[in-house]
Amino acid sequence: MKPPIAIESIRLRQVNLPPKVVRTDAIQSFVTQETLLLTVRCSDGVEGTGYAYTIGTGGSSVMALLHDHLAPRLLGRNPLHLEAIWKDLFFHTHATAVGAITSLGLACVDTALWGLARSQNLPLWQLLGGAQSVVPVYTTEGGWLHLSTEELVAQTLAAKEQGFRGAKIKVGRPHVSEDVARLSAVRAAVGANFDIMTDANQGFNRLEALRRAAAFESLDLAWLEEPLPAEDVSGHRQLRNHTAIPVAVGESMYHLSQFREYLEQGACSIVQPDVARIGGITPWIKVAHLAESFDVPVCPHFLMELHVSLCAGVPNATWVEYIPQLDDITTSRIRVEGGYAFPPDTPGLGIEWDWPVIAKRQLADVTIQQTK
């Protein structure tokens with residue numbers, strides 16, 4: 001009888017990717033994508049690579065958590081025991097959970113283990129259920145808060161001509177009238193058959209969120225995203241009860257229980273789990289199915305290269321967010337046609353890393369392995 005497959009080594013890398021354009025929102029600027037790569041090598045020679053990211057700070061802290069606490073506990077483990085490994089690592093780091101750094105570290109591990117699924121010769125979206133073969137796609141390659149109204153209109157019209165079914169516009173200018181003027185100009189330009197998603201990036205207090213939502217009512221918005229600080233569940237419930245605009249939350253949540261609280265209290269219309277910030281594919285799928293039980297759609301945040309497969313795997317995912325952030329270090333590309341994103345049919349995650357380019361750009365590279 002052959003011995004079970006075991007994890008023999010873990011390799012950690014960090015690559016910083018500057019944004020393609022200036023990105024600003026109501027509270028911050030996107031400085032750089034600190035891309036954290038974790039490669040698991042197993043006793044049968046099969047490898048799987050997972051990743052997570054930050055938008056400019058904390059990358060070295062995630063790397064330290066992985067190196068010192070998470071990666072060593074993977075050695076000798078059966079990589080197929082995803083649930084057991086995730087739970088073990090979560091409780092091992094209970095002093096720093098729930099939180100962004102721990103969740104990002106867990107995501108690196110978990111997505112790498114799911115990446116080993118290429119040995120099953122099936123693409124990820126089929127392993128997860130194969131609920132839909134295409135998912136509508138909207139773009140967040142424009143719409144930034146610093147842009148003029150004319151630039152917003154031009155970018156959104158270009159997105160529509162490129163076949164996107166919607167585009168995101170950042171809100172949170174100093175006065176409500178500025179946001180209304182910008183959104184009104186975009187709506188007038190693109191017409192009624194195009195979705196406009198708005199994102200406040202947690203920039204409003206309760207009173208201002210109510211005021212802005214009331215001012216936006218006539219613009220037929222697809223949603224108002226993160227209008228309040230993510231920890232203000234009752235504030236989101238109050239807002240949802242006073243506006244017809246769907247309220248979207250989730251990119252700043254780091255555990256399944258936080259989504260459960262929002263859903264139980266009726267405090268959101270749409271959930272937007274980020275596979276890196278929630279701790280990987282294993283908890284992401286749980287969030288999606290939890291939302292399905294409340295008849296709430298899933299429209300994940302960022303990381304389209306992974307989310308296209310996750311969205312295709314579940315029945316209640318309604319949008320993929322288009323932001324190509326891995327093009328500099330991958331050879332694979334997401335397929336978008338006619339306003340839809342297609343999940344990759346290649347085995348595993350469907351992400352093909354450009355290792356020679358990564359080797360030239362990486363800031364860190366360390367391997368942890370069993371001693372013989």
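Start by selecting Arg-361 in this predicted model: with a relative accessibility of 29%, Arg-361 counts as partly exposed. Now add Asp-328, which forms a salt bridge with Arg-361, their closest N and O atoms lying 3.5 Å apart. This pair links distant parts of the chain, with Asp-328 in the loop between strand 10 (320-322) and strand 11 (335-337) and Arg-361 in helix 12 (residues 355-361), 33 residues apart. Asp-328 is partly exposed too, at 29%.

Next, select Asp-179, Glu-208, Arg-211 and Arg-212 together: salt bridges with shared partners join these residues into one network. The whole structure holds 18 salt bridges. For another of them, show Arg-73 and Asp-88, whose closest N and O atoms are 3.1 Å apart. Arg-73 sits in the loop between helix 1 (59-70) and helix 2 (82-92) while Asp-88 belongs to helix 2, so the pair ties together parts 15 residues apart in sequence.

Now move to strand 1, residues 7-17. Eight of its eleven residues are buried, so the strand is largely enclosed by the rest of the structure. Colour strand 2 (residues 33-42) as well, and you will find ten bridges pairing it with strand 1 in the antiparallel sense. Strand 13 (residues 362-369) also runs antiparallel to strand 1, joined to it by seven bridges; look for Gln-14 opposite Ala-364 there.

Finish on Arg-13, in strand 1. Which side chain of opposite charge is nearest to Arg-13? It is Asp-365, 4.4 Å away, and the buried Arg-13 has no salt bridge. Turn to Thr-39 instead: its side chain makes a polar contact with that of Arg-13 (3.3 Å).

Definitions and conventions: Residues numbered from 1 in each chain as written. Predicted model: local features only at pLDDT ≥ 70, side-chain atom pairs only at ≥ 80, totals over all residues. Heavy atoms only, no water. Buried < 20%, exposed > 50% of the residue type's maximum accessible area, 1.4 Å probe, protein only. Helix = DSSP H or I, 4+ residues; strand = E, 2+ residues; numbered from the N terminus. Pairing = 2+ DSSP bridges. Lys, Arg positive; Asp, Glu negative; His and termini not counted. Salt bridge = Lys/Arg side-chain N within 4 Å of Asp/Glu carboxyl O. Polar contact = N/O pair within 3.5 Å; in protein donor to acceptor, adjacent residues only side chain to side chain.
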